[in-house]
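Please open the model in a viewer and keep a selection panel to hand. The tour below proceeds from one selection to the next and states what is found at each.

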Amino acid sequence: MAQETPPPAEPEHLDQLRANLMESARLLRDAHHLDPEERGRLAELIDELGQALDPNAPPETAANLATSASALARALHEHRDEGFLSTTRARLDEAAAHAEAEAPFATQVVRRFLDLLAQIGI
């Protein structure tokens, strides 16, 4: 029996994921312990991820990328310790690795976000 393709994400589900990402981007913009330019660039990438979520990708793919990115953005906003940030960053990296084939554009945005974090030492 052939493996069934999961149904695409419901528009309402994607809207909620995007709203959570927008809120996470807003929180990043208020992360005053980060350089203003850096926090602006990070927030822009989180906003961009919301737009890059593919409605035709399996719902869990979009959810994993969005929730992992939101969790990391919120951890940055809360100025969490290095260990927590490292764990949260690893979850986002893992989510991107699993999503690469199903959501290539969103994965590219996540990779740019992770690269920027590395450049600023996070």
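Which residues have the most contacts inside the largest nonpolar core? The model is a predicted one, in which local features need pLDDT of at least 70 and side-chain atom pairs count only at pLDDT 80 or more, while totals for chains, interfaces and linings use all residues. Residues are numbered from 1 along each chain as its sequence is written, and side-chain values use heavy atoms, with hydrogens and water left out.

**The core**

Select Leu28, Leu42, Ile46, Leu49, Leu53, Leu65 and Phe113: these have the most contacts inside the largest nonpolar core, which has 37 residues. A nonpolar core is a set of buried Ala, Val, Leu, Ile, Met, Phe, Trp, Tyr and Cys residues joined through side-chain atoms within 4.5 Å. Each of α1, α2, α3, α4 and α5 supplies at least two residues of this core, and α3 gives the most, with 9 residues. Helices are DSSP runs of H or I with at least four residues, numbered from the N terminus. In soluble globular proteins, nonpolar side chains tend to be buried together.

Next, centre the view on leucine 28. Beyond its neighbours within four places in sequence, leucine 28 is in contact (heavy atoms within 4.5 Å) with Leu34, Arg39, Leu42, Ala43, Ile46, Ala73, Leu76 and Phe113.

**Helix α3**

Select residues 59–77, which form helix α3. Its 19 residues should span 27 Å at 1.5 Å a residue, and the end C-alpha atoms are indeed 27 Å apart; the expected span is 1.5 Å times one less than the number of residues. Now colour the buried positions, where buried means under 20% relative accessible area, exposed over 50% and partly exposed in between, with a 1.4 Å probe and protein chains only. The buried residues of α3 include Thr61, Ala62, Ala63, Leu65, Ala66 and Ser68. The buried residues of α3 pack against α1 (11–29), α2 (36–52), α4 (82–99) and α5 (104–119).

Move on to histidine 79, in the loop between α3 and α4. Its phi is near 55 degrees, a positive value in a residue other than glycine. Most residues other than glycine have a negative phi. Histidine 79 counts as exposed because its relative accessibility is 52%.

**α1 against α3 and α2**

Show α1 together with α3. Their axes come within 9 Å and cross at roughly 15 degrees; axes are lines fitted to C-alpha atoms, for helices over the stretch in contact, and angles run from 0 to 180 degrees between N-to-C directions. The two helices are therefore roughly parallel, given that angles under 35 degrees count as roughly parallel, over 145 as roughly antiparallel, 65 to 115 as roughly perpendicular and the rest as oblique. Among the residues that meet here are Leu14, Leu17 and Leu21 in α1 and Ala62, Ala66 and Ala73 in α3.

Replace α3 with α2 in the display. α1 and α2 pack at an angle of about 175 degrees, with their axes 8 Å apart, which makes α1 roughly antiparallel to α2. The contact includes Arg18, Met22 and Ala25 of α1 and Arg39, Ala43 and Gly50 of α2.

**α5 and its packing on α2**

Select α5, whose 16 residues should span 22 Å at 1.5 Å a residue, in agreement with the 22 Å between its end C-alpha atoms. Ala106, Thr107, Val109, Val110, Phe113, Leu114, Leu116 and Leu117 are buried in α5, and the buried residues of this helix pack against α1, α2, α3 and α4.

With α2 added to the selection, the angle between α2 and α5 is about 165 degrees and their axes are 8 Å apart; they are therefore roughly antiparallel to each other. The contact is made by residues including Leu42, Leu45 and Leu49 of α2 and Val109, Phe113 and Leu116 of α5. Just after α5, glycine 121 takes a positive phi of about 85 degrees.

**Two final stops**

Is glycine 40 buried or exposed? Located in helix α2, glycine 40 counts as partly exposed, at 22% relative accessibility. Its C-alpha is 9.3 Å from that of aspartate 30, 10 residues apart in sequence.

Finally, select glutamate 102 in the loop between α4 and α5. At 35% relative accessibility, glutamate 102 counts as partly exposed. Outside its neighbours within four places in sequence, glutamate 102 is in contact with Asp54, Ala57, Pro58 and Thr61.
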